[in-house]
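This report is about the open and enclosed spaces in a protein model, and about one pair of packed helices. Please look at the sequence and the structure before reading on.

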Amino acid sequence: VAKKVAKETAKSVLNYTINKIENPEEPSLPEEEIDGLYIIKEYLSDFGYLQQHGPFNNLTNNETTSAIEIYQRNFNLQAKGNLNIETLQQILIPRCGVPDINFEYNLSGTNTMSWPKGNMWFPKGKTNLTYGFAPENKIPLNATKVFRNALTRWSTTTKVLNFTETSYDDANIKIGFYNSVGDVVDEIVVGDTIISLELNSSVNSGVIRLDASKYWILPTDNYTGSWQDGEFDLETVAMHQIGHLLGLDHSFENDSIMYPAILPSQQRKVQISVSDNETIHRLYTITNTTKADANYGYVESSSGLITSLFLGFAFVAMLN
Ligand SMILES: [Zn+2]
């Protein structure tokens, strides 16, 4: 019920805002008050566009304008820094909870949680990662199969990592469904991935957290869901979140599996794009070469080169 209220509130606030923008009561002032702007600021802050933290007010300012402009540029909207209808519609599109820009991988000191960034969260040179499902979720077999297929697709296409199933507690990659706290921005997020360092442990795990309140469509349902009805294709979101764990950031190319939002026309998207694959190979080639250079000197760095040639070959072979 709380979620529904939040959703309705968001809708009415945004409708009000749209109305206000379409029918301005007075000419714009340098610092204008727009009802519901605090929600937009929260959104821009959560996804890395606004470098400020809440609580936010409804007053326009230069920081918000430039944050909106960067957001518009990323999502290929006309970039003027103004909150037009096109921009608000983009903001309402369901998306991944991982920020788009301006965030770091940081698990040092008191930080026990970080957004994924690159592939540094597991030991260098590791080629097999384990995964497990949250037992309390009692995820049905046809849903765990979706994740197995998604992991297999990543490993056969990119050929950089293999995945083996184990228990949730022992797994490098932990997969589960979570209840979100239910604020307005949360409502838009379908899932995310975090890297977590458990207490009294030196081992990181990658946690894929999907929103338990959404209705998840399985390929076996033989039915294409629509997020307008709160339905989401599980494999699409699984592919995207695994991409984060492999080390990919968001991409603003529409065909990328790492596009941050679920476009109305792409509610099922499970194929790794050519540029996604290239990005993975750059990431793992660089990592391997750096490791060889740093730890083993000249001889091993030649083998680093061989690795990259081999990966290049595998990649070309896949394209044919
Ligand atoms: Zn994402």
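What follows describes the pocket, the cavities and a helix pair in turn.

The model is predicted, and the values below are computed from its atoms. The largest pocket holds about 790 Å³ of space. Of the 32 residues that line this pocket, Asp46, Gly97, Trp115, Asp192 and Arg209 are the closest to its centre. Two or more lining residues come from each of helix H2 (37-46), strand E2 (113-114), helix H6 (184-188), strand E6 (189-197) and strand E7 (204-211), and the largest share, 5 residues, is that of E6. Sorted by class, the lining of the largest pocket has 14 nonpolar, 12 polar and 6 charged residues. Because domain 1 (2-91) and domain 2 (95-272) both give residues to this lining, the largest pocket lies between them.

A search of the whole structure for cavities of 30 Å³ or more finds 2. The table sets out the space in each of them and the classes of the residues in its lining.

| Cavity | Space | Nonpolar | Polar | Charged |
|---|---|---|---|---|
| Largest cavity | about 120 Å³ | 8 residues | 3 residues | 2 residues |
| Second largest cavity | about 40 Å³ | 8 residues | no residues | no residues |

The largest cavity is lined by 13 residues, and those that lie nearest its centre are Thr236, His240, Tyr259, Ala261 and Ile262. Strand E1 (95-96) and helix H7 each supply at least two residues of this lining, with H7 giving the most, namely 4 residues.

The second largest cavity is lined by Leu14, Ile39, Ile40, Tyr43, Ile91, Leu92, Val184 and Ile188. Here H2 and H6 each supply at least two residues, and the largest share, 3 residues, comes from H2. Both H2 and H6 are also among the elements that give two or more residues to the lining of the largest pocket.

Helix H7, which gives the most to the lining of the largest cavity, also takes part in a helix packing. Two packed helices are described by the angle between their axes and the distance between the axes. For helix H5 (residues 141-158) and helix H7 (residues 234-246), the angle is about 50° and the axes are 9 Å apart. At that angle H5 is therefore oblique to H7, and the crossing of H5 and H7 is right-handed.

How values were computed. Residues numbered from 1 in each chain as written. Predicted model: local features only at pLDDT ≥ 70, side-chain atom pairs only at ≥ 80, totals over all residues. Heavy atoms only, no water. 1 Å grid on protein atoms, 1.4 Å probe; cavity = no way out; pocket = protein on both sides within 12 Å on 5 of 7 lines; lining within 4 Å. Points joined across faces, edges and corners; volume = space filled by probe spheres on them. Nonpolar A, V, L, I, M, F, W, Y, C, P; charged D, E, K, R; others polar. Domains from an automatic or database assignment. Axes fitted to C-alpha atoms, helices over the stretch in contact; angles between N-to-C directions. Parallel < 35°, antiparallel > 145°, perpendicular 65-115°, else oblique. Left-handed = near helix turned anticlockwise from the far one by under 90°.
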